[in-house]
Amino acid sequence: MEEPLKQADVMKGTRKEEVLDIDHSPSLFKRGWMKTPVDIRPSMHCFAGEPARLKVVDFPNPRVWSAMDEDWKLPTNWKEIVMDAFKVRLDRFRTFKLFMDICVRCGACADKCQFFIGSADPKNMPVLRAELFRSVYRKNFTTAGKLLGPIAGARDLTIDVLKEWWYYLYQCSECRRCSVFCPYGIDMAEITIIGRELTNLIGLNIDWIAAPVAFCYKTGNHLGIQPHAYKSMLEFFQDEIEIVTGVRVEPSYNRKGAEILFITPSGDVFADPGTWTCMGYMILFHYLESLGLDITWSTYASEGGNFGLFTSHEMMKRLNSKMYAEAKRLGVKWILGGECGHMWRVVNQYMGTMNLDLAEGSNLEEPVSPITGTKFENTKSTKMVHICEFTADLIKHNKLKLDPSRNDNLKVTFHDSCNPARAMGLLEEPRYVIKNVCNNFYEMPPTTIREQTFCCGGGSGLNAGEDVELRMRGGLPRANAVKFVHEKYGVNMLSCICAIDRAVFPDLMRYWVPGVEVTGVHEMVANAMVLEGEKEKTVNLRNEPLAGTEESEDV
Amino acid sequence: MDLKNLLLRKKSPIVKKWCEVVLRTYPEGGQAFLKKKDRFGNPVGHTIAEGIESIFDELLQGTKSDKIPLFFDNILRLRAVQDFSPSKAVGFVFGLKKVIRKELGSKLLKDGTSEEWAAFESEIDGMGLLCFDIYTQCREKIFDIRIKALRNQSHRLLKMAGVAYDLPEDYELSEEDRDLKKAHANKSH
């Protein structure tokens, strides 16, 4: 007879003999992945969306539920809803249909996902994550699958399969690294996007996405910040900048008739270290005023990020519409965008075709730099320029007075944020800017940067407090490369051009590479800028002593 | 031949098998990948392979090595955020005993060697306790990160809502207090 478990063993979730059995190998996959049920673990998933968030935007099935509960409180006809929606999307998105059909399981993608690399969980291999969907596709939409079932890699959509979908849909950060290596160009992010769309139709989502969506819909930004609070935060930055530089900058808000509208993620306004990047933008704009820059901030289009991308195409479109609507209302000629990740995916890949009709009758035109006269032809269709392109152009034309030695306390490396790198090919501009504002720049190994860059681990809405272990695994390959340059060159600053990166990396570094801080590129730009009328600078925007000034204080 | 020399001669199979003990704790479908040699593409496998060999080398040096905790830290930092119970996360250390017993068999029972083996086993037990400390520190770091994130978030929101009062930003600290504050901040980092 089996010995009854003692309470202490139960508490630890393990039996004594298992503890001593060091050769223990988990049974996972001995029976094949299809027969291995999902094991939903705490700290590996996010909390469910609260009903109020869903009601605000008319999302289905608002209720209180948890992934740890047996009953997920689904509508009785959930299967019908999902399979109907599956069919609609197969017809609507040619890519989705192709991605369901063309994979030859070559395995090129298998070891490219940072969540697999960090966990060794085979269901995090992109090929297998996609198979979770393909198996249901085969069973319902292919003759072989209907006839042969599991032999043809087909299976029914059961409640356990649905739970598995949900669990792994939120372990993919839609970074698209795997797609770089796929010989067919299968884009796992698109499968995840559709998968999340399907599950949202029956009320399966996460609160870290549902809340920003609802807030963004109501107030224009993820945090639910109202216009007066947005303005007062920038006023606080004005004071900070004046203390450090002796110069008072004066941003304008919602100003009709301005030439350019500036839109940036709200994370830059409300969360360190993004706040220093935000101060960087403010200083840059102040500097350029005398050279002819005419720019305004908006407290309505107060968010560059778009968490609608992580729920459905329709919600992405709804949330994005404020950009052109505000540009039209203010009568600007073009839009300048701050350092953000998925915002640029939405802008570069969707906005032009999705919402450009909203710009009809507006003053929007092909962007031209008022300082250098450079035409940004690449943004002819969207009318929106990335601030790194804008600043790189200024530097190229020698329009900024820079003293890179002011950043000599930094040994900098650069993380290519997934979306600007892979969704818009913005690889050279940030590097060009950094090399002009810093004297010490070191690249991470080639297989970890540019198109092959690793995700921070928190993209696509995964930066919640409750799934920190998932993020530590997913962020491991990036942190490992940072650790390498930290140990080899003494790198102490990880720069990036994404607000999610700036939110995720400080904790990632604290765990994996203590001693490395995180910055946006325009924080370093502003610190290197020599301003008209500035006082003798002794500290940077973080109130840290500039290199060389510590010694002079001691003398 | 003394135990250290026996172990040195069998280093290659022992290290290989001890590594396998660690890798077998991962899902079967992921184990082949973890064996791939790629420092940046396979940081988990690389850290384990490098750590296990280095720890074994240091053990054979005989003197108290300050590098052993470092290599264990590298390995346990991974396992503290992977799907392991605490016992599973550190249990691989004791696997070394089993591996050595299988490799050296009756040679361990010979006069002289058996005493050395008993002492060596004690060293392995000591490493087990060390691993327990390191694993706990890693878990505490995770909890600390969670607490800090929550505190920063709620404090900022309270301040923004005008609920929480904050001391003026220009509140002057003495130089001594400033240094102390900096030292505390560095420690908690």
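Is Tyr281(A) buried or exposed? Tyr281(A) counts as buried, at 0% relative accessibility, where buried means under 20% relative accessible area, exposed over 50% and partly exposed in between (1.4 Å probe, protein chains only).

This is a predicted model, in which local features need pLDDT of at least 70 and side-chain atom pairs count only at pLDDT 80 or more, while totals for chains, interfaces and linings use all residues. Residues are numbered from 1 along each chain as its sequence is written, chains are lettered from A and ligands numbered from 1 in the order in which they are written, and side-chain values use heavy atoms, with hydrogens and water left out.

## Confidence

The pLDDT is the predictor's confidence in each residue, from 0 to 100. Chain A has a mean pLDDT of 92, with 93% of its residues at 70 or more. Residues 1-20 of chain A stay under 50 throughout, and the model has 14 contacts beyond four places in sequence for them; contact means heavy atoms within 4.5 Å. Residues 22-28 of chain A also have a pLDDT below 50, with 22 contacts in the model beyond near neighbours in sequence. Where pLDDT is low, the predicted coordinates should not be read in detail.

## Aromatic rings and charges

Helices (H or I, at least four residues) and strands (E, at least two) are DSSP runs, numbered from the N terminus. Rings of Phe, Tyr and Trp (its six-membered ring) pair if their centres lie within 6.5 Å; planes under 30 degrees apart count as stacked, over 60 as edge-to-face and the rest as tilted. Over all chains, the count by this rule is 28 aromatic pairs. One of them joins Phe262(A) and Tyr281(A) edge-to-face, at 5.0 Å centre to centre and 70° between the planes. This pair links distant parts of the chain, with Phe262(A) in strand β1 (residues 260-263) and Tyr281(A) in helix α15 (residues 274-289) of chain A, 19 residues apart. Phe262(A) is buried, with a relative accessible area of 1%.

One aromatic cluster is formed by Phe86(A), Phe96(A), Phe133(A), Tyr137(A), Phe141(A) and Trp165(A). Phe96(A) is also among the buried residues of helix α5 (residues 94-101) of chain A, together with Phe99(A) and Met100(A). These buried residues cover an arc of only 105° around the axis, so they are on the same side of α5(A); the arc is that of the directions from the helix axis to the C-beta atoms. The cover over the buried residues of α5(A) includes α4 (78-92), α7 (126-141) and α11 (188-200) of chain A.

A charge sits over a ring if NZ of Lys or CZ of Arg is within 6 Å of the ring centre and within 35 degrees of the ring normal. Lys112(A) lies over the face of Phe181(A), 4.9 Å from the ring centre. In chain B, the charged end of Arg79(B) sits over the ring of Phe84(B), 4.1 Å from its centre.

## Backbone details in chain A

Most residues other than glycine have a negative phi, and most peptide bonds are trans. The table gives two residues with a positive phi.

| Residue | Phi | Loop in chain A | Relative accessibility |
|---|---|---|---|
| Arg176(A) | about 70° | between α9 (159-169) and α10 (177-181) | 15%, buried |
| Arg450(A) | near 50° | between α20 (428-437) and α21 (468-474) | 25%, partly exposed |

A cis peptide bond, with omega about 0°, joins Asp272(A) and Pro273(A). Pro273(A) is in the loop between α14 (267-270) and α15 of chain A.

Helix α22 (residues 476-489) of chain A has 14 residues and reaches 20 Å from its first C-alpha to its last, close to the 20 Å expected at 1.5 Å a residue. That expected span is 1.5 Å times one less than the number of residues in the helix. The buried residues of α22(A) include Leu476(A), Arg478(A), Phe484(A) and Val485(A). Gly490(A), which follows α22(A), has a positive phi near 75°.

## Chain B

Chain B has 9 helices and 0 strands. Of its 189 residues, 42% are buried. Among contacts in chain B with a separation of 6 or more, 69% are between residues 24 or more positions apart.
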